[in-house]
Amino acid sequence: MLTLRHKKRIAEKKIELLKQENELNSARRYIEGLEEECKYFAKELHDGIANDLLGLQMKIETSASKGNEQELASLVSKLRNNVRNISHELMPPEFEHLSLDQILDRYAAKLTENTGIEVSYHPTENNASRHLPNETAYELYRIVQELTMNIVKHASASHIVISLRADNENKYTLQITDNGKNANKQQTATNNNDGIGLRTVNDRIRAINATANVCSSTENNVFTLLLNINE
């Protein structure tokens, strides 16, 4: 009788482990599919629409008529730059050449420039993020990107702080703090597309075997992600 109970417990544990493994594999396949779509659209935007806009801009600038061509050319140039920025955001950063600290520092500066919100990045000591596997660093970058854009859209924040800390050579803590409205209210205000974005964040967190939580107060919201790259 005891042997049967023991075997049953072992079987239940195996089933639970298989279930967790299947969920993890599903999350990874979903993320891989999203990234392939991002690469495709980035290439189409950069090689297709952006080049078409450049041709239109040049045609306007060389037009014989001197009406509102310069104003139109300026608008087309601005639109082309916006398309290029979108394509660069969709295309994965080159982690082979830059550390996550360097990429997030540039991202924070660009987000400040584009939104007017003060965004600062506090890096790991001694550029410790360079020891992260490229795949893990990339997922962390996408998590930061998705969450900060959600803050920009819905939190009415004036300040965002992104920080990455290496607790030791295997454990890292990522935090995103903003002084916007309560995170629960942010999620209530999101539309379907943003809801998909937040679900993608959860899939990315599972894909790297990390854990995360959000704490909100009257002063700020703090997203904390704990990562152990050995697990």
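How many ångströms should the 21 residues of helix 4 span at 1.5 Å a residue, and how far apart are its end C-alpha atoms? Here are some friendly notes on that and on the rest of the fold.

1. **Helix 4, end to end.** This is a predicted model, and a simple length check is a good place to begin. At 1.5 Å a residue, helix 4 should span 30 Å, and its end C-alpha atoms are indeed 30 Å apart, so the expected and modelled values agree. Helix 4 covers residues 134-154, and 15 of its 21 residues are buried, which leaves the helix mostly covered. Just after the helix comes serine 156, with a positive phi of about 55°.

2. **The overall layout.** The protein chain contains six helices and five strands. Read from the N terminus, they follow the order α-α-α-β-α-β-β-α-α-β-β. Of the chain's 231 residues, 37% count as buried. The accessible surface is about 14,500 Å², and carbon and sulfur atoms hold 51% of it. Among contacts with a separation of 6 or more, 69% join residues 24 or more positions apart.

3. **The sheet.** Five strands form an open sheet in the order 1-2-3-5-4, and the pairing is mixed. Strand 1 and strand 4 (211-216) are the edge strands, each pairing on one side only. From one strand to the next, the twist averages 10°. Strand 4 pairs with strand 5 in the antiparallel sense, over six bridges. If you would like a pair to find on screen, cysteine 215 has valine 222 in strand 5 as its bridge partner.

4. **Helices on the sheet.** Helix 3 packs on the sheet and touches strand 1 and strand 2; its direction makes about 170° with that of strand 1. Helix 4 also packs on the sheet, in its case touching strand 2, strand 3 and strand 5, and its direction makes about 15° with that of strand 3.

5. **The nonpolar core.** The largest nonpolar core has 35 residues, and Leu100 and Leu225 have the most contacts inside it. Elements giving two or more residues to this core include helix 3 (100-115), helix 6 (192-207), strand 2 (159-166) and strand 5 (221-228). Helix 4 gives the most, with eight residues.

6. **A closer look at Leu225.** Which residues does leucine 225 touch, leaving out those up to four places away in sequence? They are Leu140, Ile143, Tyr172, Thr173, Leu174, Ile205, Ala210, Thr211 and Ala212. Leu225 would be a handy residue to centre your view on while you explore this core.

Methods. Residues numbered from 1 in each chain as written. Predicted model: local features only at pLDDT ≥ 70, side-chain atom pairs only at ≥ 80, totals over all residues. Heavy atoms only, no water. Core = buried A, V, L, I, M, F, W, Y, C linked by side-chain atoms within 4.5 Å. Buried < 20%, exposed > 50% of the residue type's maximum accessible area, 1.4 Å probe, protein only. Helix = DSSP H or I, 4+ residues; strand = E, 2+ residues; numbered from the N terminus. Contact = heavy atoms within 4.5 Å. Expected span 1.5 Å × (residues − 1). Areas by Shrake-Rupley, 256 points an atom, 1.4 Å probe, with all protein chains shown as cover. Pairing = 2+ DSSP bridges. Axes fitted to C-alpha atoms, helices over the stretch in contact; angles between N-to-C directions.
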